Structures are given as structure tokens and as C-alpha cells.
Amino acid sequence: MATIRNLKIKTSTCKRIVKELHSYEKEVETEAAKTAEMKERGADPYDLKQQENVLAESRMMVPDCRKRLETALTDLKATLAEIKETNQEGAEVEEAEAVITQVETVVQTADS
């Protein structure tokens, strides 16, 4: 049975993963700019290869993070549905609904 505590945990999980996703996306931008700058100035091939590896690793984290976010969103929706069935209400329910809306926007943006 779903509880308000579980709802709070799943809501926080979604919030954390959204922050993490934005962080990885920002890191990819930063590393891509750094790689381009290194190529431009003709950096040592070894250093350039290492930088490209860092960039590739950062890029791999974005799809992984999106997948975890979609899973967390599904869990949050299921928990919220269970809580609504028992007619429980409160600030936690409203917050969960707001987070679901926010996460759905992030997921839709990623799909397009």
C-alpha cells in the first residue's frame, strides 16, 4: 500500500534526477566546447583523445539519466494513483502532481 512517505520519496527522486539530467546536459556542452577549443589550437593528440573520451562518457550519461527519469516518473504516477484511490490529500499530493507536470515537460522536450 502506498503511503504519503513513499510519495514524498518518489517525488524527491524525480526532482533529483531532473537536476542530475540538467547537470549532465550542461557538462556535455562544456566538454564539447573544450574539445572544440583544443582541436582549434592544435593540442597534443593524446590530450585531445583523452578529452574526447571525457566528452563521450558525458554523452553516455544523458540517455541513461533520461531512462531513469522515465522509470521514476512511472513509479511516482503509480504511487500517486494509489494514494488518490484512498482519498488522501495534502501538500505532498499537490507537490507530486506539480513534479509530474514538470518531469513530463522535460521528457517531452527530450523526445522532440
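**Figure 1. Order of the secondary-structure elements in the predicted model.** Read from the N terminus, the elements of the chain follow the order α-α-α. The model is a prediction. The chain holds three helices and zero strands.

**Figure 2. Overall dimensions of the chain.** Along the principal axes, the C-alpha atoms occupy a box of roughly 65 × 20 × 20 Å. The radius of gyration of the chain is 19 Å, whereas a compact globule of 112 residues would have a value near 13 Å.

**Figure 3. The region annotated in UniProt.** An unreviewed UniProt entry assigns the feature "coiled-coil region" to residues 66–96. In the predicted model, residues 66–96 are 84% helix and 0% strand. The C-alpha atoms at the two ends of this stretch lie 19 Å apart.

**Figure 4. Contacts along the chain.** Among contacts in the chain with a separation of 6 or more, 77% join residues that are 24 or more positions apart.

**Figure 5. Burial and exposed surface.** Of the 112 residues in the chain, 29% are buried, a class that takes in residues with under 20% relative accessible area. The chain exposes about 7400 Å². Carbon and sulfur atoms contribute 51% of this exposed area.

**Figure 6. Placement of the charges.** The chain carries 17 positive and 23 negative charges. The mean position of the positive charges and that of the negative charges are 2 Å apart.

Methods
Residues are numbered from 1 along each chain as its sequence is written. This is a predicted model: local features need pLDDT of at least 70, side-chain atom pairs count only at pLDDT 80 or more; totals for chains, interfaces and linings use all residues. Side-chain values use heavy atoms; hydrogens and water are left out. Helices (H or I, at least four residues) and strands (E, at least two) are DSSP runs, numbered from the N terminus. The radius of gyration is taken over C-alpha atoms; the globule rule is 2.2 Å times the number of residues to the power 0.38. Buried means under 20% relative accessible area, exposed over 50%, partly exposed in between (1.4 Å probe, protein chains only). Contact means heavy atoms within 4.5 Å. Accessible areas come from the Shrake-Rupley method with a 1.4 Å probe; for residues, only the protein chains shown count as cover. Lys and Arg count as positive and Asp and Glu as negative; His and the chain ends are not counted. The place of a charge is taken as NZ of Lys, CZ of Arg, CG of Asp or CD of Glu. UniProt positions are given in the numbering used here, feature names are shortened, and annotations may be inferred rather than shown by experiment.
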